[in-house]
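Reader: Before I use these coordinates, I would like to know what the labels attached to them rest on. Please take them one at a time.

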Amino acid sequence: MNLTQRRVSSRIPQVFGFGRSFKSSLDPSSITHGIHVFQCPDAVGIVAKLSECIASRGGNILGADIFVPQNKNVFYSRSEFIFDPVKWPRVQMDEDFLRISKMFDATRSVVRVPKLDPKFKIAVIASKQDGRLPVDITRVISNHDRGPDTHVIRFLERNGIPYHYLHTTKENKREEEILDLVQNTDFLVLARYMQILSGKFLQSYGKDIINIHHGLLPSFKGGNPSKQAFDAGVKLIGATSHFVTEELDAGPIIEQMVERVSHRDNIQSFVRKSENLEKQCIAKAIKSYCELRVLPYEENKTVVF
């Protein structure tokens with residue numbers, strides 16, 4: 001194997017020969033799950049230091065993914081581990097990983113403890129489509145006015161999620177108002193939002209924005225792309241979830257899904273399959289993002305562990 005390129009997915013105790021004799025000293029009632037992602041220039045000893053950091057505090061690595069692309073001199077890793085928060089307090093954990101970050105001049109070192117850390121707060125900016133997402137939704141913003149007795153409004157009211165209708169035009173996209181509404185979020189989700197966010201908005205918000213769109217582009221542009229694709233007799237439909245950049249639908253891809261369609265589908269089943277695929281794709285992308293599986297790679301790519 002070329003030593004400059006490696007992709008490892010493993011159970012760490014088994015890899016190092018500890019699997020047969022290792023017994024965790026952790027009290028099952030106190031076990032807590034943690035995740036750490038790391039990005040730095042490639043160097044000798046990174047994995048050893050990360051493993052030592054966790055083990056020295058009584059933790060145990062459950063699994064690790066490592067990626068070092070060929071001829072790029074960059075190291076990526078994602079580790080899942082268990083630990084006792086009494087023996088390894090959360091603040092101490094941050095300090096320990098910060099020390100390693102400085103040691104290897106890391107560009108990214110993020111640790112997350114789902115049981116102790118708050119869920120990511122997001123706002124959903126949508127047009128007509130709906131869907132459930134595995135995060136704390138602080139608000140839904142839409143340029144489509146929904147009636148008070150619709151399924152979506154009833155769902156939002158039951159869960160105490162504010163709904164904001166902002167009528168938009170080409171001349172006024174209401175971006176200043178949207179910015180005011182999303183200031184306290186960790187990232188945004190565009191759920192088939194049929195407006196292009198300006199570069200000024202992206203710079204002002206300054207955090208990640210995740211978008212979803214169907215996989216019928218660029219072949220079927222303009223109005224009603226599903227009917228165009230159906231009439232053309234396509235056999236595969238897809239969905240792509242990606243980060244939003246100033247270039248339309250060209251940001252780094254997080255997740256893609258495809259599904260087969262056939263002559264047995266009518267236009268209704270065709271559209272239903274396409275919309276369901278988009279919901280699955282955006283949910284998977286958000287889950288991967290929240291589990292710290294997504295890292296930037298080169299100028300317009302991602303590493304997704």
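Reader: Which element gives the largest share of the lining of the largest pocket?

Author: Strand E10 does, with four residues. The model is a predicted one. Both E10 and E11 give two or more residues to this lining.

Reader: What makes a residue part of the lining of the largest pocket?

Author: A lining residue has an atom within 4 Å of a pocket point. In the largest pocket 28 residues line the space, and Tyr 193, Met 194, Asn 211, Leu 248 and Asp 249 lie nearest its centre. The lining divides into 13 nonpolar, nine polar and six charged residues. The volume of this pocket is about 610 Å³.

Reader: Why are E8 and E12 said to stand at the edges of the sheet?

Author: The open sheet runs E8-E7-E6-E9-E10-E11-E12, with mixed pairing. E8 (163-165) and E12 each have a single partner strand, so one side of each is left without a neighbour in the sheet.

Reader: How do you know that E7 and E8 pair?

Author: Two strands pair if there are at least two bridges between them. E7 and E8 have three bridges, in the parallel sense, so by that cut-off they count as paired. The bridge partner of Ile 141 is His 164 in E8.

Reader: What makes the largest nonpolar core a core?

Author: Its members are buried nonpolar residues joined through side-chain atoms within 4.5 Å. Of its 33 residues, those touching the most other members include Ile 122, Val 124 and Phe 187. Helix H8 supplies eight residues, the largest share. A second, separate core of 20 residues includes Met 93 and Phe 97.

Key:
Residues numbered from 1 in each chain as written. Predicted model: local features only at pLDDT ≥ 70, side-chain atom pairs only at ≥ 80, totals over all residues. Heavy atoms only, no water. Buried < 20%, exposed > 50% of the residue type's maximum accessible area, 1.4 Å probe, protein only. 1 Å grid on protein atoms, 1.4 Å probe; cavity = no way out; pocket = protein on both sides within 12 Å on 5 of 7 lines; lining within 4 Å. Points joined across faces, edges and corners; volume = space filled by probe spheres on them. Nonpolar A, V, L, I, M, F, W, Y, C, P; charged D, E, K, R; others polar.
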